[in-house]
Amino acid sequence: MKRVIPVLVLSVAGLIPVWRYEPSTGTTSTTEAASTPSVSSSSGSSGSSGSSTFTGSTVATEKGDVQVQITYDADKITAVKMLKQPNHPQTTAAVPKLIAETLTAQSADIDTVSGATITSDGYKESLQAAIDAETAAAAATPSASASTSAPASEAASASQTVAGSTVGTEKGDVQVQVTFEGDEITAVEMLKQPNHPQTTAAVPKLIAETLTAQSADIDTVSGATITSDGYKESLQAAIDAKGA
């Protein structure tokens, strides 16, 4: 019996470190779980791989609320969506122009649309808030911005501008010029267009749809069928010339 007692004591003493070790495992998993939200909140609203969506503030105007949502691919604005806008004909006509200018300027430094000053001002304020949110998110993830700097510079060096053919229509000549960065259409400019109110109203819509679709497979603008058909024909010629 005298020899059994020391053996039992040693066995109990050997179990003590094991019992003390178990709580440390729970502490480690809790720390990792707590750190996860800080990472997701700093990244903003992310969409598909390489793209992020940011929502601007809701701006109250005399015509109604305005709120803009923008999508970035790397550091480039690739899409703009109106989440809130006044139910007004002038606003409906102005929004495609504002979106087209945003995609071209890549900033909120755009012109006010004549006849829709109130909506334009609210749009630019909400747009700037969304851009500021993206800037803050990019600053919080310097490694991500550093990793995208090389592809961005390569894309800039690969910029190419191609003019489509001149298409004669009943309303007048139509000619489109397209700017590519790599394989992406980044800007569209009308070199020739009919001097007609319906054409003037249709062109911003056609450009906005082109930048979204990245092709000539876009809808015809109601009331401007002839100009739309000429635009799409010249646009397709420019796209074909780029690929040649």
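Start by selecting Ile70, which sits in strand β4. Keep in mind as you go that this is a predicted model. Is Ile70 buried or exposed? Its relative accessible area is 0%, and buried means under 20%, so Ile70 counts as buried.

Next, show the surroundings of Ile70. Leaving aside residues up to four places away in sequence, Ile70 touches Ser52, Thr53, Phe54, Ile77, Ala79, Val80, Leu127, Ala130 and Ile131. Now add Thr55 to the selection and look at the C-alpha atoms: those of Ile70 and Thr55 are 6.5 Å apart, although their positions lie 15 residues apart along the chain.

Stay with Phe54, one of the residues that Ile70 touches, and select Tyr72 as well. Phe54 belongs to strand β2 (residues 51-55), while Tyr72 belongs to strand β4 (residues 65-73). The two are 18 residues apart, and their pairing links distant parts of the chain. How are the rings of Phe54 and Tyr72 arranged? A pair of aromatic rings is described by the distance of the centres and the angle of the planes. Here the centres are 6.0 Å apart and the planes meet at 85 degrees; angles over 60 count as edge-to-face, so the pair of Phe54 and Tyr72 is edge-to-face. The count of aromatic pairs comes to one. Colour by accessibility and you will find that Phe54 and Tyr72 are both buried.

Now move along the chain and select two helices, α5 (residues 197-213) and α6 (residues 225-243). Two packed helices are described by the angle between their axes and the distance between the axes. For α5 and α6, the angle is about 40 degrees and the axes are 10 Å apart. That angle makes α5 oblique to α6. If you turn the view so that one helix lies in front of the other, you are looking at a right-handed crossing of α5 and α6.

Which residues make the contact? Show side chains for Thr199, Leu206, Ile207 and Thr210 on α5, then for Thr227, Ser228, Tyr231 and Leu235 on α6. By type, the residues of this contact are four nonpolar and four polar, with no charged ones.

To finish, zoom out to the whole protein chain. How many helices and strands does the chain have? There are six helices and nine strands. Of its 244 residues, 33% count as buried. Among contacts in the chain with a separation of 6 or more, 43% come from residues 24 or more positions apart.

Terms used
Residues are numbered from 1 along each chain as its sequence is written. This is a predicted model: local features need pLDDT of at least 70, side-chain atom pairs count only at pLDDT 80 or more; totals for chains, interfaces and linings use all residues. Side-chain values use heavy atoms; hydrogens and water are left out. Axes are lines fitted to C-alpha atoms, for helices over the stretch in contact, and angles run from 0 to 180 degrees between N-to-C directions. Helices (H or I, at least four residues) and strands (E, at least two) are DSSP runs, numbered from the N terminus. Angles under 35 degrees count as roughly parallel, over 145 as roughly antiparallel, 65 to 115 as roughly perpendicular and the rest as oblique. A crossing is left-handed if the near helix is turned anticlockwise from the far one by less than a right angle, and right-handed if clockwise. Contact means heavy atoms within 4.5 Å. Ala, Val, Leu, Ile, Met, Phe, Trp, Tyr, Cys and Pro count as nonpolar, Asp, Glu, Lys and Arg as charged, and the others, Gly among them, as polar. Rings of Phe, Tyr and Trp (its six-membered ring) pair if their centres lie within 6.5 Å; planes under 30 degrees apart count as stacked, over 60 as edge-to-face and the rest as tilted. Buried means under 20% relative accessible area, exposed over 50%, partly exposed in between (1.4 Å probe, protein chains only).
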